[in-house]
Amino acid sequence: RFPCDKVTLLANVPVSLLSSVSGSANDIWGHVDLNTQREYAIVGMRASIAVVDVTEPTSPVVVGEVQGQSTSWRDVKVYQYYDSTANRWRAYAYSSADSVTEGFTIIDLNDLPNSVSLLKRNTDDNRAHNIYISNVDYTFNTALNDARVQLHLMGQDSDGGAFRSYALQIPRTPSATYKPSSLNRNDYAHDASSMLITDERAQSECNNAEGEGCTVMLDFNENELRLWDHTNASSVEELSKISYADVAYTHSGWFSEDKRYAFVHDELDERNFSLNTRVMVFDITSLTTPILAGTWTSDNTTIDHNGYV
């Protein structure tokens, strides 16, 4: 047990109960089933993806797992949409796996709370480090204002690991929309997030803006933050890029609720430069001319691996 400050531990599920084949876990995402209002944690494991019902937070229940190859890193996201024909919500989880050959996994969540099952695997690429879904409300993993929802792979084994995209118009069968070309390892995207820009910047700074706004990808590129206009599903246009002092590994980040700031995490700066934990805060009021607005620094040297707003 560790001391708690403004946080109360209600329950703990040991790794041994999460999975029958995995000895460690690596990532987590949430899902609220809008048919039942039940809440779930979807956990990336070394050789599987586990789903846990956390509706009763003091009594979590492991629903099941989907097994895969052994890897130290998986990433998971969820897309949920309303099926008017069936008169119910449907949901699928998508999981990437690094350093293996299983591509990305599509998990059927539509038999919850009873079970989960493997739907299929997409092997356009053997592997990907991270997976992300743009233009969704991350509270419920549902589409934002009827905007085009896309799934993105980062760090896959083609085109230097630059991100590639898939349409989720048919969520059971993602279809390739954007595949980079003539890119190399310098264009590697380790992780990403995105913003749907609907203010004046959509017209003044995004060349591809459509009726629902401008989709801006935040690309964490190992050495810098890159901003891309990805409103057009089949193409991207770089808006800007920016780095910072003592860059070691630009790892991940997220955006502020007002979409005016980006919070950037460097995974290795504490270790490489003997720094205390820091988070770089970039002012992206101008998408084409971002600036470093400030740096938050903690009182210890903990690695800031991932952060969300």
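Trainee: Let's start with C214: is this residue buried or exposed?

Mentor: This is a predicted model, and in it C214 has a relative accessible area of 0%, so C214 is buried.

Trainee: And how do I judge C206, buried or exposed?

Mentor: The cut-off for buried is under 20% relative accessible area. C206 comes out at 5%, so C206 counts as buried. For contrast, take C4: with a relative accessible area of 51%, C4 is exposed.

Trainee: Which residues does a disulfide join here?

Mentor: Look for two cysteine sulfur atoms within 2.5 Å. C206 and C214 fit the bill, with 2.1 Å from S to S. The count for this model is one disulfide.

Trainee: Why is that disulfide called left-handed?

Mentor: Check the torsion about the S-S bond: for C206 and C214 it is about -80 degrees, and therefore the disulfide is left-handed.

Trainee: C214 seems to sit in a strand too. Where does strand β16 run, and how does β16 pair with β17?

Mentor: First the general idea: strands in a sheet pair through backbone hydrogen bonds, and the pairing is either parallel or antiparallel. Here β16 covers residues 214–220 and β17 covers residues 225–229, and the two are antiparallel, with five bridges between them. To find your place, put your finger on M217 and look across to W228 in β17, which stands opposite.

Trainee: How many strands form the sheet, and in what order?

Mentor: Four of them, reading β15-β16-β17-β18, in an open sheet with antiparallel pairing. β15 and β18 (237–242) are the edge strands; each has a single partner, so one side of each has no neighbour in the sheet. From one strand to the next, the twist averages 20 degrees.

Trainee: Now for empty space. How many cavities of 30 Å³ or more are there?

Mentor: Roll a probe the size of a water molecule over the atoms, and you see where empty space is left. In this model, three cavities of 30 Å³ or more turn up. The largest has a volume of about 60 Å³.

Trainee: Which residues line the largest cavity?

Mentor: Among them are K77, Y132, D191, F220, W254 and Y308. By type, the lining splits into five nonpolar, four polar and two charged residues.

Trainee: Which strand gives the most to that lining?

Mentor: β19 does, with three residues. β15 (191–197) and β19 (250–255) each supply at least two. You've already met β15: it is one of the edge strands of the sheet.

Note on methods
Residues are numbered from 1 along each chain as its sequence is written. This is a predicted model: local features need pLDDT of at least 70, side-chain atom pairs count only at pLDDT 80 or more; totals for chains, interfaces and linings use all residues. Side-chain values use heavy atoms; hydrogens and water are left out. On a 1 Å grid over the protein atoms alone, a cavity is a set of points where a 1.4 Å probe fits but cannot get out, and a pocket is an open set with protein on both sides within 12 Å along at least five of seven lines; lining residues have an atom within 4 Å of a point. Grid points are joined across faces, edges and corners, and a volume is the space filled by probe spheres set on the points. Helices (H or I, at least four residues) and strands (E, at least two) are DSSP runs, numbered from the N terminus. Ala, Val, Leu, Ile, Met, Phe, Trp, Tyr, Cys and Pro count as nonpolar, Asp, Glu, Lys and Arg as charged, and the others, Gly among them, as polar. Two strands pair if DSSP finds at least two bridges between them. Axes are lines fitted to C-alpha atoms, for helices over the stretch in contact, and angles run from 0 to 180 degrees between N-to-C directions. Buried means under 20% relative accessible area, exposed over 50%, partly exposed in between (1.4 Å probe, protein chains only).
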